[in-house]
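User: Hi! Could you walk me through some of the side-chain pairings in this protein, one step at a time?

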Amino acid sequence: EKVSYLEEVFSHDRTVPWSLRSEVDQILEDYRRNPKVTITADVEDIDIDVYPRFDIAIRELVDNAITHHVGDEQVAISVHTERTDGQVTLVVEDNGPGLPADEIEVLRAEAETDLEHGSGTGLWLIHWIVTRSGGDLSVDVLDTGTRVRVRLPTAAPDGDGPRPTDG
């Protein structure tokens, strides 16, 4: 399934308008049905221009938080936005064990080697979708879990249309 998503990522060369709060709420609704997961969201009602399947990146972030959680403690995921001039940051935090340092380093280097590589395609998929949306991705491991920040430009003013992607 992820390989087909990878093919799809590179088949689009333009961004599309997206209502951040509406789309995120719709995606999170599926996860709220899981009794082992608590999700809180405080996402601004803001328009952004993103890769047409940006939902995949958000689903991957939430799936990673659930899949890699250890212990009997309830999975707690918080999704919120932070806004600055011309940009919005979607923040996804969890109470899991934290993303391993080698995974973070591979993302920061934007390259893999025989000795340094990620354990799957999920983080790369998120990275490529965010990058093709004109944004950037950062990861922090905290004492309480992992915080992922997806920084994106806000939507182009009306009439400007979708932006071409860089890739």
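User: Thanks! Is Thr81 buried or exposed?

Analyst: Happy to help, and please keep in mind that this is a predicted model. The relative accessibility of Thr81 is 12%. Buried means under 20%, so Thr81 counts as buried.

User: Which strand holds Thr81?

Analyst: Look along residues 75-84, which form one strand. Thr81 is found within that run, strand E4.

User: Which residue has its backbone nitrogen 2.9 Å from a polar atom of the Thr81 side chain?

Analyst: Leaving out residues up to four places away in sequence, Thr81 touches Leu20, Asp42, Val43, Glu44, Val88, Thr89 and Leu90. One of these neighbours places its backbone nitrogen 2.9 Å from a polar atom of the Thr81 side chain. That residue is Glu44.

User: Now to the charged side chains. How many salt bridges does the structure hold?

Analyst: As background, side chains of opposite charge can pair when their charged atoms come close. In this structure, the number of salt bridges is nine.

User: Which residue forms a salt bridge with Asp55 at 3.0 Å?

Analyst: Asp55 counts as buried, at 14% relative accessibility. Its partner is partly exposed, with a relative accessible area of 24%. The closest N and O atoms of the pair are 3.0 Å apart, and the partner is Arg53.

User: Which residues are linked with Arg53 and Asp55 in a network of salt bridges?

Analyst: Arg53 and Asp55 belong to a network of salt bridges. The other residues linked in it are Asp30, Arg33 and Arg59.

User: How many residues apart in sequence are the parts tied together by Arg147 and Glu93?

Analyst: The side chains of Arg147 and Glu93 meet in a salt bridge, 3.6 Å from N to O. Arg147 lies in strand E7 (residues 145-153) and Glu93 in strand E5 (residues 87-94), so the parts that the pair ties together are apart in sequence by 54 residues.

User: Which strands does the salt bridge between Arg151 and Asp136 tie together?

Analyst: Arg151 and Asp136 meet through their side chains at 2.6 Å, N to O. Asp136 lies in a strand of residues 136-142, and the parts joined are 15 residues apart in sequence. The strands are therefore E6, with Asp136, and E7, with Arg151.

User: Are Arg151 and Asp136 buried, partly exposed or exposed?

Analyst: The relative accessible area of Arg151 is 35%, and the relative accessibility of Asp136 is 30%. Buried means under 20% and exposed means over 50%. Both values fall in between, so Arg151 and Asp136 are partly exposed.

Conventions:
Residues numbered from 1 in each chain as written. Predicted model: local features only at pLDDT ≥ 70, side-chain atom pairs only at ≥ 80, totals over all residues. Heavy atoms only, no water. Salt bridge = Lys/Arg side-chain N within 4 Å of Asp/Glu carboxyl O. Buried < 20%, exposed > 50% of the residue type's maximum accessible area, 1.4 Å probe, protein only. Helix = DSSP H or I, 4+ residues; strand = E, 2+ residues; numbered from the N terminus. Polar contact = N/O pair within 3.5 Å; in protein donor to acceptor, adjacent residues only side chain to side chain. Contact = heavy atoms within 4.5 Å.
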